[in-house]
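Open the model in your viewer and keep the sequence panel visible. The tour goes from one selection to the next.

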Amino acid sequence: MTVRTALLQGAQLLEESAVGVPRLTAEVLLAHALGRERAYLFGHPEHELSEMEWLHYGRYLHERIQGKPTQYITKCQEFYGREFRVTPDVLIPRPETEHVVETALRLARGARRVLDVGCGSGILAVTLRLEMRVTAFATDISPAAIQVAVRNARTLGAPVEFVVCDLLSAFAGNSMDLIVSNPPYVPLGDKHGLQREVRDWEPHVALFAGQTGLEIYERLVREAERVLHPGGWLIMELGFNTRDRVADMFSGPWQDLEASPDLAGIPRVMAARWQGGPG
């Protein structure tokens with residue numbers, strides 16, 4: 001079995017099973033089975049697969065056809081130009097979340113202490129630590145997620161302090177200059193409308209916020225009032241069609257409220273500056 005034949009057969013199997021982008025998926029899975037970069041496939045179409053390579057490739061194809069996301073098979077996903085390890089204990093990083101990083105770099109360049117709330121694989125904490133040279137902290141309610149994040153931070157050379165806790169509960173008042181979060185924001189009632197790859201594989205504790213999908217936003221805003229220094233920023237990723245309802249949560253000493261769109265023009269990030277006194 002050559003690389004060329006393996007790709008043709010793999011792409012056909014994936015297409016027949018209604019898996020999106022079947023050719024690209026076959027390439028990624030075959031490269032993973034070979035322990036090579038995708039570019040190797042194009043330069044070596046006559047490479048003969050060993051028995052072990054073929055067995056791995058066949059298993060990966062079967063897992064993908066059963067609905068397992070490609071990233072959980074390869075155990076990696078790129079975010080902001082860096083490779084992060086991912087497992088079913090953490091959400092798969094999405095390109096849209098890079099807008100949280102870009103907003104932080106634009107609005108909070110002077111921050112010295114940064115907290116990533118609900119860090120999952122650690123993409124925000126690690127990225128901001130490396131891009132801004134801040135003192136970085138991160139929390140998650142899932143010990144398994146924290147283990148993944150710790151490994152990513154070590155691999156990428158990003159000193160981050162990780163804490164297992166519920167949101168900001170482990171942190172003292174007025175201790176942070178910047179709080180970032182990609183919180184759970186899917187209403188429980190939307191569960192059955194999700195893609196099976198998301199519904200059946202990604203961790204529900206990181207997906208679902210409650211009946212309205214706004215429950216974690218409400219808690220984050222209130223807890224940020226206690227933890228932020230005066231002048232500090234809260235920057236959160238937005239769920240679909242949540243901009244106005246999240247904006248209504250900010251009042252009084254919150255200023256400079258801003259909703260930023262993603263490349264599709266959908267409001268994706270909410271930022272606000274806390275101007276209140278000690279929490």
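Two helices count as roughly parallel when the angle between them is under 35 degrees. Keep that cut-off in mind for the opening stop. The model on screen is a predicted one.

**Stop 1: two helices**

Select residues 3-16, which are helix α1, and residues 51-65, which are helix α4. At what angle do α1 and α4 pack? The angle is about 20 degrees, and the axes are 10 Å apart. Because about 20 degrees falls under the 35 degrees cut-off, α1 and α4 are roughly parallel to each other. Their crossing is right-handed. To see the contact, show the side chains of A6, L7, Q9, G10, L13 and L14 on α1, and of W54, Y57, L61, R64 and I65 on α4.

**Stop 2: a charge over a ring**

Now select R36 and Y40. The charged end of R36 sits over the ring of Y40, at 4.1 Å from the ring centre.

**Stop 3: aromatic rings**

How many aromatic pairs does the structure hold? There are six. One of them joins F79 and F84, so select these two. Their rings meet edge-to-face, with 6.3 Å from centre to centre and 80 degrees between the planes; an angle over 60 degrees is what counts as edge-to-face. Both F79 and F84 are buried. For another view of aromatic residues, select F250, W254 and W274, which form one cluster.

**Stop 4: S121**

Go back to F84 and add S121 to the selection, as S121 touches F84. S121 lies in the loop between β3 (113-117) and α7 (123-132). Is S121 buried or exposed? S121 counts as buried because its relative accessibility is 3%, and the limit for buried is under 20%. Leaving out residues up to four places away in sequence, S121 also touches R85, V90, L91, P93, V148, A149 and N152.

**Stop 5: W201**

Last, select W201 in helix α9, residues 196-201. With a relative accessibility of 29%, W201 counts as partly exposed. Which residues is W201 in contact with, apart from its neighbours within four places in sequence? They are Q66, G67, K68, P69, Y72, P88 and R196. Then pick G110 as well and draw a line between the two C-alpha atoms. W201 and G110 are 38 Å apart in space and 91 residues apart in sequence.

How values were computed: Residues numbered from 1 in each chain as written. Predicted model: local features only at pLDDT ≥ 70, side-chain atom pairs only at ≥ 80, totals over all residues. Heavy atoms only, no water. Phe/Tyr/Trp six-rings, centres within 6.5 Å; stacked < 30°, edge-to-face > 60°. Buried < 20%, exposed > 50% of the residue type's maximum accessible area, 1.4 Å probe, protein only. Lys NZ or Arg CZ within 6 Å of the ring centre and 35° of its normal. Helix = DSSP H or I, 4+ residues; strand = E, 2+ residues; numbered from the N terminus. Contact = heavy atoms within 4.5 Å. Axes fitted to C-alpha atoms, helices over the stretch in contact; angles between N-to-C directions. Parallel < 35°, antiparallel > 145°, perpendicular 65-115°, else oblique. Left-handed = near helix turned anticlockwise from the far one by under 90°.
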